[in-house]
Amino acid sequence: MALTCAPPLLNLKLFNKQSLTHYCVTRKINPVNTVTDRSTRTLRYRSCSFLANDKGLRMSLLRSSTKRNSIKVGVSSGEAESFDSEATQQEVFAWSSVILPFLFPALGGLLFGYDIGATSGATISLQSPELSGTTWFNFSAVQLGLVVSGSLYGALLGSLIVYPIADFLGRRRELIIASLLYLTGALLTAYAPGLGVLLVARLLYGLGIGMAMHGAPLYIAETCPSQIRGTLISLKELLIVLGILLGYLVGSFEINAVGGWRYMYGCSAPIALLMGIGMWSLPASPRWLLLRAVQGKGPMQEYKEKAVLALRKLRGRSNDDKVSEKQIEDTVVSLKTAYADQDSEGNFLEVFQGPSLKAFIIGGGLVLFQQITGQPSVLYYAGPILQSAGFAAAADATKLSVVIGVFKLLMTGVAVLKVDDLGRRPLLIGGVGGLAFSLLLLSAYYKFLGGFPFVAVAALLLYVGCYQISFGPISWLMVSEIFPLRTRGKGISLSVLTNFGSNALVTFAFFPLKELLGADNLFLLFGAIALLALVFVVTIVPETKGLTLEEIESKILK
């Protein structure tokens with residue numbers, strides 16, 4: 001007897017009132033030592049499926065105990081329990097078949113990061129009488145803030161717009177639309193004849209960011225094999241950092257060109273085009289096709305056939321493949337069961353009640369402090385900060401921005417490797433403490449260390465490194481872990497809105513506050529907020545390392 005695991009499309013290890021087991025499909029082999037006495041065990045498996053519907057994210061548990069999947073094994077009771085606990089759901093797949101379904105959606109994250117990096121150099125080029133190539137280079141602080149934060153306001157608006165229509169569009173079409181918005185925004189920015197068109201173009205690009213940041217993780221999660229889902233979603237976050245570095249690099253090459261800011265923003269257009277063509281070539285998410293069928297949007301059999309074909313294409317399987325059919329059948333049953341139990345889904349107000357409120361304080365607090373400690377300002381204005389720190393030439397400032405981008409990429413890798421070893425709290429405490437120190441160091445530089453430009457560089461590197469091992473990756477990891485099952489979808493949605501909203505606010509307010517307070521007092525303010533964030537992490541944020549989702553809900557939130 002041997003097992004070939006064929007889990008549903010999205011299989012997670014969860015717990016409900018029934019005991020937890022696994023779902024596998026048997027592969028018939030000549031039995032060995034099979035007996036029929038009382039020691040015979042019938043191993044039954046359950047599937048656990050993840051569901052995204054029009055009212056948020058939800059999960060359902062389904063018991064599967066059909067006779068043809070029952071496996072009778074002659075083993076002792078202890079052996080059977082050990083086998084049952086160690087049986088893991090491993091879908092056989094080729095890495096070559098998952099690269100493109102991951103890469104094309106993840107380009108949406110890369111384009112988001114690219115906008116951050118390119119804006120760092122573009123703010124220098126735009127305001128230069130010699131380099132801007134325009135007659136409208138003399139921006140006020142408010143106008144510059146609008147140019148820089150326009151994409152973030154667009155992202156905030158995009159995340160609001162897409163929520164009620166996400167299931168109607170589907171993940172694939174949502175990402176195709178996002179790529180078109182990226183492309184249109186990039187081209188309009190590159191050829192903007194005036195400030196008004198430039199602001200509209202930044203808003204359109206931001207709409208693409210909002211849709212891509214919603215659709216990309218959903219498409220990746222719903223189409224990739226369950227055992228590598230975490231790895232791929234983490235790599236998507238790494239692509240955002242890679243995009244920032246790419247933006248810095250393009251800025252360093254174009255900073256001395258007249259109208260260089262047009263090239264900096266316009267270089268994202270080919271990537272957006274590649275993303276759109278790539279998403280067009282990929283099938284729709286099989287999970288989304290089945291969700292539409294269960295919602296009564298079309299004939300069940302037709303959608304099931306489409307889902308099977310989509311899954312086979314995603315996995316590179318043959319047309320007579322039976323494993324895909326089995327996975328689709330099990331997912332259909334899971335979805336039907338989920339829709340039959342509407343009471344299992346929390347309402348909107350429940351996010352602000354009981355355990356969900358505690359979770360939102362933790363998750364929402366982390367993504368809020370992630371932004372109001374100055375992160376958008378340090379990233380978007382790395383060039384101007386370095387320039388004012390003594391690197392007068394624009395090229396010197398942008399080259400140092402590239403160094404910061406490389407360092408950011410390396411530290412993100414460190415966090416990904418160490419978060420499950422050291423835990424969330426140690427990285428958060430150490431990282432946020434380092435953030436506070438680096439911001440106070442920047443303030444000290446502007447107050448009385450102005451003769452030492454390397455202090456500004458060291459402070460920025462320390463800030464970036466500490467951010468990338470703490471708030472950068474761990475805030476969103478905690479958000480994905482901390483919410484109860486009933487309100488996880490709505491809680492994450494509120495966290496996304498909190499993130500984009502506070503990001504746009506801080507980015508917009510940076511230059512007006514800098515004029516009002518001065519750079520020294522502004523970084524002193526950010527440092528004080530970082531100290532407050534450190535107190536929040538030490539006193540409020542729990543450690544979730546090694547805990548299952550149900551243990552977090554039962555041991556931490558109750």
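Here's a quick tour of some charged side-chain pairs in this structure. Keep in mind that the model is predicted. A search of the whole structure turns up 5 salt bridges, and the bullets below walk through some of them, including the pair E329 and K304.

**Helix α10 meets helix α11**

- E329 and K304 join their side chains in a salt bridge, at 2.9 Å from N to O.
- E329 belongs to helix α11 (residues 323-340) and K304 to helix α10 (residues 300-315), so this pair ties together parts that sit 25 residues apart in sequence.
- E325 pairs up with R312 in a salt bridge, and their closest N and O atoms are 2.9 Å apart.
- Here E325 is in helix α11 and R312 in helix α10, so the pair ties together parts 13 residues apart in sequence.

**Helix α16 meets helix α20**

- D520 and K447 also meet through their side chains in a salt bridge, this one at 3.5 Å from N to O.
- The pair links distant parts of the chain, with D520 in helix α20 (residues 519-539) and K447 in helix α16 (residues 424-448), 73 residues apart.

**Buried or partly exposed?**

- K304 counts as buried, with 13% relative accessibility, while its partner E329 is partly exposed at 37%.
- R312 is buried too, with a relative accessible area of 7%, whereas E325 comes out as partly exposed at 32%.
- For the pair in helices α20 and α16, the acid D520 is the buried one because its relative accessibility is 18%, and buried means under 20%.
- K447, at 41% relative accessibility, counts as partly exposed.

How values were computed: Residues are numbered from 1 along each chain as its sequence is written. This is a predicted model: local features need pLDDT of at least 70, side-chain atom pairs count only at pLDDT 80 or more; totals for chains, interfaces and linings use all residues. Side-chain values use heavy atoms; hydrogens and water are left out. A salt bridge is a side-chain nitrogen of Lys or Arg within 4 Å of a carboxyl oxygen of Asp or Glu. Helices (H or I, at least four residues) and strands (E, at least two) are DSSP runs, numbered from the N terminus. Buried means under 20% relative accessible area, exposed over 50%, partly exposed in between (1.4 Å probe, protein chains only).
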